[in-house]
Amino acid sequence: MTSTRYTVNDVMTETVVTVTPDTEFKEIADAMERWKVTAVPVVEDRGSVVGVVSEADLLPKEEFHEHPPGMIDQMRRLAR
């Protein structure tokens, strides 16, 4: 492993859809649908990748969109 930090542009040859750490849920979901991708890299201002958001990451948020769970339900879900 090297300690070199790569940007998205360093490792990708095609157009890459990215989001920033403060991108809202709906914007991420819209971008995934529009570009037909299942995950997007999260990049800082300088273009450094700090993470990835996938469809699986968005599912729990959407699952409770209409009726947020109570504290006990959240704890049970985390335990599973």
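## Salt bridges

A salt bridge is taken here as a side-chain nitrogen of Lys or Arg within 4 Å of a carboxyl oxygen of Asp or Glu. In this predicted model, D30 and K26 meet that criterion, because their closest N and O atoms are 3.8 Å apart. By the same rule, the count comes to two salt bridges. The other pair joins E44 to R46, with the closest N and O atoms 3.1 Å apart.

Side chains of opposite charge can pair when their charged atoms come close. For D30 and K26, the setting is helix α2 (residues 25–35), where the two residues lie four positions apart and are therefore separated by about one helical turn. An α-helix has 3.6 residues a turn, so residues three or four places apart point the same way.

## Exposure of the paired residues

The two partners in α2 differ in their exposure class: D30 is partly exposed, with a relative accessible area of 31%, while K26 is exposed, at 56%. In the second pair, E44 is partly exposed, with a relative accessible area of 32%, and R46 counts as exposed at 64%.

## The two sides of helix α2

Which residues of α2 are buried? They are I28, A31 and M32. Viewed down the helix axis, these buried residues fall within an arc of 100°, so they line one face of α2. The face turned away from this buried side carries the exposed residues K26, E33 and R34. K26 thus has two roles in this description: it belongs to that exposed face, and it is the salt-bridge partner of D30.

Beyond the helix, α2 is followed by K36, whose phi is positive, near 55°.

## The β1–β2 hairpin

Strand β1 (residues 39–43) is mostly covered, with four of its five residues buried. It runs antiparallel to strand β2 (residues 49–54), and five bridges join the two. Within this pairing, A39 stands opposite S54 of β2.

The hairpin has five residues between its strands, and G47 takes a positive phi near 95° there. The salt bridge of E44 with R46 may be read alongside this hairpin. In that pair, R46 is exposed, whereas E44 is partly exposed; strand β1, by contrast, is mostly covered.

Key:
Residues numbered from 1 in each chain as written. Predicted model: local features only at pLDDT ≥ 70, side-chain atom pairs only at ≥ 80, totals over all residues. Heavy atoms only, no water. Buried < 20%, exposed > 50% of the residue type's maximum accessible area, 1.4 Å probe, protein only. Pairing = 2+ DSSP bridges. Arc of directions from axis to C-beta.
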